[in-house]
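Trainee: I would like to practise reading a protein model. Can we go through one together?
Mentor: Gladly. Ask short questions, and we will reason each one through.

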Amino acid sequence: MFVRRLNPQTMTMLASSARAFSAAAVAQAKITLDGPGKLNVPNNPTLVYVEGDGTGADIWASASRVIDASVEKAYGGERKIEWMEVLAGEKAFNETGEWLPQETIDAFREYLVGIKGPLTTPVGGGIRSLNVALRQILDLYTCLRPVVHFAGVPTPIKKPEDVDFVIFRENTEDIYAGIEFQSGSDEVKELLGWLQDKGVADKVRFPDTAAMGVKPVSREGTERLVKSAIQYALDNSRKSVTLVHKGNIMKFTEGGFKDWGYALAKSEYRNEIVTERESWILGNLDSNPDMSVEDNARAIEPGYNLMTSTQQEALRNEVAGVIEAIGATHGNAQWKNKVIVKDAIADIALQQILTRSKEFDVIATLNLNGDYLSDSAAALVGGIGIAPGANVNYTTGHFIAEATHGTAPKYAGLDKVNPGSVVLSGEMMLRYLGWNEAADLIIKGMNGAISTGQVTYDFHRLTEGATLLKCSEFGSAIIKHMD
């Protein structure tokens, strides 16, 4: 029997043509945008997916069954996802010679919503991270990371039930902009010369060997992130938004993030929010309506007597200004029904998510802080193997749910790893589409499987009396517990 073996270039061309034909066949099922952030979702939307590298194939096979089953059970066949595969990572490189083909970027751009498994980051020059590349190219300015504990999941803290918050991490600025220069390079020498002209070169401790980077933080980037966080809090009946920053040290970048965040909150959501400091002023008046402005100032600032007269006057003006501006709309305990906007220094926040988890509801923060916070918080609820995530542009409607963990190549093909991160990222995706009934079934199924001790190896080894399941079997257990 004669078998014709196609060369890689021909196979790539045919695969591309097949995907193009598939896209054309379901073109009428596209999600469209009716206005900024307003999705029009058909009953059979085309959603883009990247299987992922390493354990990605195992995880996707299990997770996609769970997602499809939740839609079928919730809507009885009236709604159905049309999946369209695109390539990225090692699979893309092996088939096309590119780590992130333009076709993949175009598909995510055109179809708006998708999901991807873990991706291999190419070694060497060029793209540092495929995940960061997609965020930058599509301007996915929010990395959304919900953190909540499922009963039965092993955890290092005493009260995991207190953990229930959502992190909005700015995704396109900060040091992740990738502006840095190698030690000894001409660029570093030019920067040192410029710093010398500004009279601050002496702050570089070892100039001959220092590498240098640039940390851009903008008002526009801050405002769109904080706006998304506050709107989420309002839409989901959350009580507070905490701006996490290191503004005590980086006063113009991280300090700017804090100041711009507060300004946006007060200018665009004045009737819906109260700042924490405003709540102290109004709360004092609620307790004592006859309290003077100066006594109120003393109450909110214990170091009042140590202030200069100019500082005291500024504080009194602040108190009087709050009472005049929002006393009628927020006073008499009305502020208690508003979303409280507050801030926390990053190092304190990293400690308090462990010790005072209940104080956090929605967190808005910069890129690097968000990276630390989201992975640290994931450890409270079972690790990144079960932590969901998504990258979002709420204006253009683009949404890419993603695995938050790595590829774990040593487990590839063993049907062993926990698919929870992609399953729950799929749940976020369904909720973004407005398919809350299907999303609720995934949460119900996940709760049911874990609470009855039906878990994969990562939880099994830490849970007494649990039943060890394969990756595919865990997906089946989730589906079973949806009923």
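What follows is a set of questions and answers on this predicted model.

Trainee: How many disulfides does the structure hold?
Mentor: A disulfide needs two cysteine sulfur atoms within 2.5 Å. A search for such pairs gives a clear count: the number of disulfides is zero.

Trainee: Is Cys143 buried or exposed?
Mentor: Buried means under 20% relative accessible area. Cys143 has a value of 2%, so Cys143 is buried.

Trainee: What about Cys471, buried or exposed?
Mentor: Use the cut-off of 20% again. The relative accessibility of Cys471 is 0%, so Cys471 counts as buried.

Trainee: Now the rings. How many aromatic pairs are found in the whole structure?
Mentor: Ring centres must lie within 6.5 Å to make a pair. With that rule, the search of the whole structure gives a total of ten.

Trainee: Tyr49 and Trp83 form an aromatic pair; is it stacked or edge-to-face?
Mentor: Look at the angle between the planes. Over 60 degrees counts as edge-to-face. Tyr49 and Trp83 have 90° between their planes and 6.1 Å from centre to centre, and the pair is edge-to-face.

Trainee: How many residues apart are Tyr49 and Trp83 along the chain?
Mentor: Place each residue in its strand. Tyr49 is in strand 3, residues 46–50, and Trp83 is in strand 4, residues 82–85. The pair links distant parts of the chain, and the separation is 34 residues.

Trainee: Is Tyr49 buried or exposed?
Mentor: The limit for buried is under 20%. Tyr49 has a relative accessible area of 14%, so Tyr49 is buried.

Trainee: Phe93 and Trp99 also form a pair; is it stacked or edge-to-face?
Mentor: Check the planes again. Planes under 30 degrees apart count as stacked. For Phe93 and Trp99 the angle is 20° and the centres are 4.7 Å apart, so by the cut-off the pair is stacked.

Trainee: Which class of exposure does Phe93 fall in?
Mentor: Partly exposed lies between the 20% and 50% limits. Phe93 has a relative accessible area of 37%, so its class is partly exposed.

Trainee: Which residues do ring pairs link into a cluster with Trp60?
Mentor: Start from the pair of Tyr49 and Trp83. Ring pairs join these two with Trp60 in one cluster. The residues asked for are Tyr49 and Trp83.

Trainee: Which ring does Lys416 lie over?
Mentor: Here a charged side chain sits over the face of a ring. Lys416 is 4.7 Å from the ring centre, and the ring belongs to Tyr457.

Trainee: Which side chains make polar contacts with the side chain of Lys215?
Mentor: First find Lys215: it is in the loop between strand 9 (212–213) and helix 7 (219–235). One polar contact of its side chain is 2.5 Å, to Asp174. Another is 2.9 Å, to Glu254. The two names are Asp174 and Glu254.

Trainee: Which residues does Glu90 touch, leaving out those up to four places away in sequence?
Mentor: Glu90 is in helix 3, residues 90–96. It is partly exposed, at 36% relative accessible area. Beyond its sequence neighbours, Glu90 touches Asp53, Trp99 and Thr120.

Trainee: How many residues of strand 10 are buried?
Mentor: Strand 10 covers residues 240–245. In a regular strand the side chains alternate between the two faces of the sheet. Here Ser240, Thr242 and Val244 point one way, Val241, Leu243 and His245 the other, and all are buried. Of the six residues in strand 10, the number buried is six.

Trainee: How many bridges join strand 10 to strand 12?
Mentor: The two strands run parallel. Thr242 has Lys342 as its bridge partner in strand 12, and His245 stands opposite Ile345. The number of bridges between strand 10 and strand 12 is six.

Trainee: In strand 13, which residue is the bridge partner of Thr242?
Mentor: Strand 10 and strand 13 (residues 362–365) run parallel, joined by four bridges. In strand 13, the partner of Thr242 is Ile363.

Trainee: Which residue of strand 12 stands opposite Ile273?
Mentor: Strand 11, residues 273–275, pairs with strand 12 in the parallel sense over three bridges. Opposite Ile273, in strand 12, stands Val339.

Notes: Residues are numbered from 1 along each chain as its sequence is written. This is a predicted model: local features need pLDDT of at least 70, side-chain atom pairs count only at pLDDT 80 or more; totals for chains, interfaces and linings use all residues. Side-chain values use heavy atoms; hydrogens and water are left out. Buried means under 20% relative accessible area, exposed over 50%, partly exposed in between (1.4 Å probe, protein chains only). Rings of Phe, Tyr and Trp (its six-membered ring) pair if their centres lie within 6.5 Å; planes under 30 degrees apart count as stacked, over 60 as edge-to-face and the rest as tilted. A charge sits over a ring if NZ of Lys or CZ of Arg is within 6 Å of the ring centre and within 35 degrees of the ring normal. A polar contact is a pair of N or O atoms within 3.5 Å; within protein, one must be able to donate a hydrogen and the other to accept it, and residues adjacent in sequence count only if both atoms are side-chain atoms. Contact means heavy atoms within 4.5 Å. Two strands pair if DSSP finds at least two bridges between them.
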